[in-house]
Amino acid sequence: MDWLSVLIFLPVLGGLWIGVIGHNKTAFARWAALAITSTELLIALGLWWNAVPNEQGYFYIVRAPWVPAMGIQFLLGMDGISLLLVLLTALLGPVVVLVSWNAIQRNWPAFAALLLATQAGIMGVFLALDLVLFYVFWELMLVPMYFLVGVWGHERRLYAAYKFFLFTVTGSLLMLIAILGLYFTHGEQTGIYTFDYFELLQVNLPDNSEMWLMLGFFIAFAVKIPLFPIHSWLPDAHTEAPTAGSIFLAGLLLKTGAYGLLRFCLPLFPEASTDFAPIGMTLGVIGILYGALLALVQEDMKRLIAYSSISHLGFVVFGIYAWNQEGLNGAVILMLAHGVSTGAMFAMVGMLEERCGTRLLAQLGGLLSPIPRLASLLLLFTLSAMGMPGLANFIGEFLVLAGVFQVSAGLAVAGALGIIAGVVYLLWMYQRAVLGEITIKRAWTDLNRREAVPLGLLALVVLWLGLYPAPFLDSLQIPVTAIIESKSSVPTGSIDALR
C-alpha cells in the first residue's frame with residue numbers, strides 16, 4: 001500500500017467525515033479525531049520500523065502523473081530528514097486532540113476537521129518532491145490554521161490571524177515566483193518543463209538568477225521560521241491562538257521553514273546559498289539574542305515561550321548555514337527537541353490557564369504544592385528547553401555550536417550567550433509560576449489521566465532524545481551527507497535511480 005499518500009489523505013478524509021456527519025456530535029468528533037491521529041502515529045512508526053534506505057537515502061518514493069502537460073506530478077518521497085519530521089507531526093496529532101478535549105467549548109466537529117486538515121498539509125510539506133505539489137501543501141496548511149486562530153483564539157484573535165496570514169502568504173507568493181523561474185530556466189536549458197525536484201537539482205543557473213531565485217525561497221521560509229526581522233507575527237499568533245494552535249505553530253509550522261532551507265535552498269541553489277551563508281548565520285545569531293532578550297521581559301507565559309521559540313529557531317538556522325555534519329545534524333535534532341519540549345510547554349500553559357484563569361506570571365505562584373504532578377512535568381520540559389544535559393535540546397544545541405565553532409568561534413560564543421540568557425528567563429518563569437507562596441486560593445485538581453498520557457509520551461521522547469539520540473542521528477547520515485556534498489557540486493548520480 002502507498003503509505004505516504006495514506007499519511008496525507010487519511011486526515012483529509014477523516015476531517016471531511018467528521019465535518020459532514022459530526023454536526024452537534026461533540027463526543028463523536030473528539031473520539032474520531034483521536035482515532036485518526038492515533039492511526040497516523042501508528043503508520044508513521046510502522047514506516048520508521050520498516051525503513052530501509054536505498055543508496056540515495058530515500059526509504060519510500062511515490063510517483064504518479066498529475067498534470068502531465070505542465071510537467072506536474074504527484075511525487076512524494078521520504079528520506080531520513082522527512083521521516084523524523086513526519087514522526088514529530090504524527091506524535092503531536094493525538095497530543096493536540098487530548099489537550100483540546102475540554103479546552104474547546106464550541107463546535108468541536110469543525111475544530112477537529114480543521115485540525116486534521118492542518119496536519120494533512122504539514123505531512124504533505126514534509127513529503128512533497130514536486131515543487132507545485134509542495135506549494136499546494138504549503139498553502140493548504142495555512143488556511144485551516146488561520147481559522148483555528150481566528151475562530152477559537154482569544155480576545156485579539158482576528159488581528160493575530162490576519163497578521164499571520166498576511167505575512168505567510170506574502171512570503172509564499174515570492175516562493176511561487178521563484179518556482180516558476182526555476183521551471184522556465186530548466187525548460188529552456190533542457191527542453192523538459194518539469195517541477196520534479198530531482199530534475200531541478202541539475203539546472204545550471206546564472207549567478208544573478210540563482211541568487212534571486214534562492215532569495216524567493218529563503219524569504220518564504222524565513223517568514224515561517226520566523227527569522228529576525230520578519231518574525232513579528234509569531235508572538236501575536238501564539239498569544240491569541242488556542243492551545244492546540246500554539247502546539248501546532250511551535251511544534252510543526254515553524255519547522256516547515258527550516259525544512260525548506262534544508263530541502264530546497266541549499267541543494268537547489270548551492271552557490272548562492274554559500275555566498276549567503278554569512279548573512280544567514282548573522283540573522284540566526286541576531287534571532288538567538290533578540291528572542292532571548294525579549295523573553296526576559298515577558299509577563300505572559302505564552303508570549304515568553306513564543307519569544308524563546310524565535311531564539312531556538314535562530315539556533316536551527318545557525319546550524320543549517322554552518323553547513324557541516326555537526327551543524328546540520330544539530331539543526332534537525334534541535335527541530336525535533338524544540339517541537340516536543342515547546343509543544344509540551346504550550347500544552348501545560350493551557351492546562352494552567354484552565355485551572356487558574358490566567359497565564360500572567362505576576363498572578364501565579366506556589367503551584368508546586370497543590371498540583372505537584374503538573375509542576376514536576378513542567379520542570380522537566382523547562383530544563384529540556386534550557387538545554388540541560390541528558391534532555392532533548394542539549395544534544396541539538398551542542399552539535400550546532402560544534403558545527404558553528406568550525407566556521408567562526410566568535411559566532412559560536414555569541415550563540416552560547418543565547419543559551420545563558422535562556423537559562424535565566426526559563427528559570428525565572430518557573431520560579432515565578434510554581435515556587436514561592438500560593439497566590440490563588442481555590443480547589444485544585446492535578447493532572448488527570450487524559451492530560452498525563454500525552455505529557456508522559458512527550459516526556460519519554462525528551463528523555464530518549466537526550467539520552468540515546470543515535471537512532472535519530474543514524475537516519476540523518478545519508479541525507480545530511482548529500483546536502484554537504486551539494487555545497488561543492490550538485491549530486492547527479494542518484495537521479496536515474498529515483499525515477
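Biologist: Where does asparagine 107 lie?

Modeller: Asparagine 107 lies in the loop between helix 3 (80-100) and helix 4 (108-127), where helices (H or I, at least four residues) and strands (E, at least two) are DSSP runs numbered from the N terminus. This is a predicted model, in which local features need pLDDT of at least 70, side-chain atom pairs count only at pLDDT 80 or more, and totals for chains, interfaces and linings use all residues. Residues are numbered from 1 along each chain as its sequence is written, and side-chain values use heavy atoms, with hydrogens and water left out.

Biologist: What is the phi of asparagine 107?

Modeller: Its phi is near 50 degrees, which is a positive value in a residue other than glycine.

Biologist: What kind of peptide bond joins isoleucine 225 and proline 226?

Modeller: That bond is cis, with omega about -5 degrees, and proline 226 lies in the loop between helix 9 (207-224) and helix 10 (233-240). The bond from phenylalanine 228 to proline 229 is also cis, with omega near 10 degrees, and proline 229 is placed in the loop between helix 9 and helix 10.

Biologist: How do you know how helix 14 and helix 15 cross?

Modeller: The axes, which are lines fitted to C-alpha atoms over the stretch in contact, with angles from 0 to 180 degrees between N-to-C directions, come within 9 Å and cross at roughly 145 degrees for helix 14 (residues 325-356) and helix 15. Among the residues making the contact (heavy atoms within 4.5 Å) are Met345, Met348 and Arg355 of helix 14 and Leu377, Phe381 and Ala385 of helix 15.

Biologist: What makes a residue of that contact nonpolar, polar or charged?

Modeller: Ala, Val, Leu, Ile, Met, Phe, Trp, Tyr, Cys and Pro count as nonpolar, Asp, Glu, Lys and Arg as charged, and the others, Gly among them, as polar; the contact therefore divides into 10 nonpolar, three polar and one charged.

Biologist: Why is a space in this structure called a cavity?

Modeller: The name applies because a cavity is a set of points on a 1 Å grid over the protein atoms alone where a 1.4 Å probe fits but cannot get out. A search of the whole structure finds one cavity of 30 Å³ or more, and the largest cavity has a volume (the space filled by probe spheres set on the points, which are joined across faces, edges and corners) of about 60 Å³.

Biologist: Which residues line the largest cavity?

Modeller: Lining residues have an atom within 4 Å of a point, and those of the largest cavity include Ser311, Phe315, Met386, Glu397 and Tyr425. Helix 17 gives the most, with five residues.

Conventions: On a 1 Å grid over the protein atoms alone, a cavity is a set of points where a 1.4 Å probe fits but cannot get out, and a pocket is an open set with protein on both sides within 12 Å along at least five of seven lines; lining residues have an atom within 4 Å of a point.
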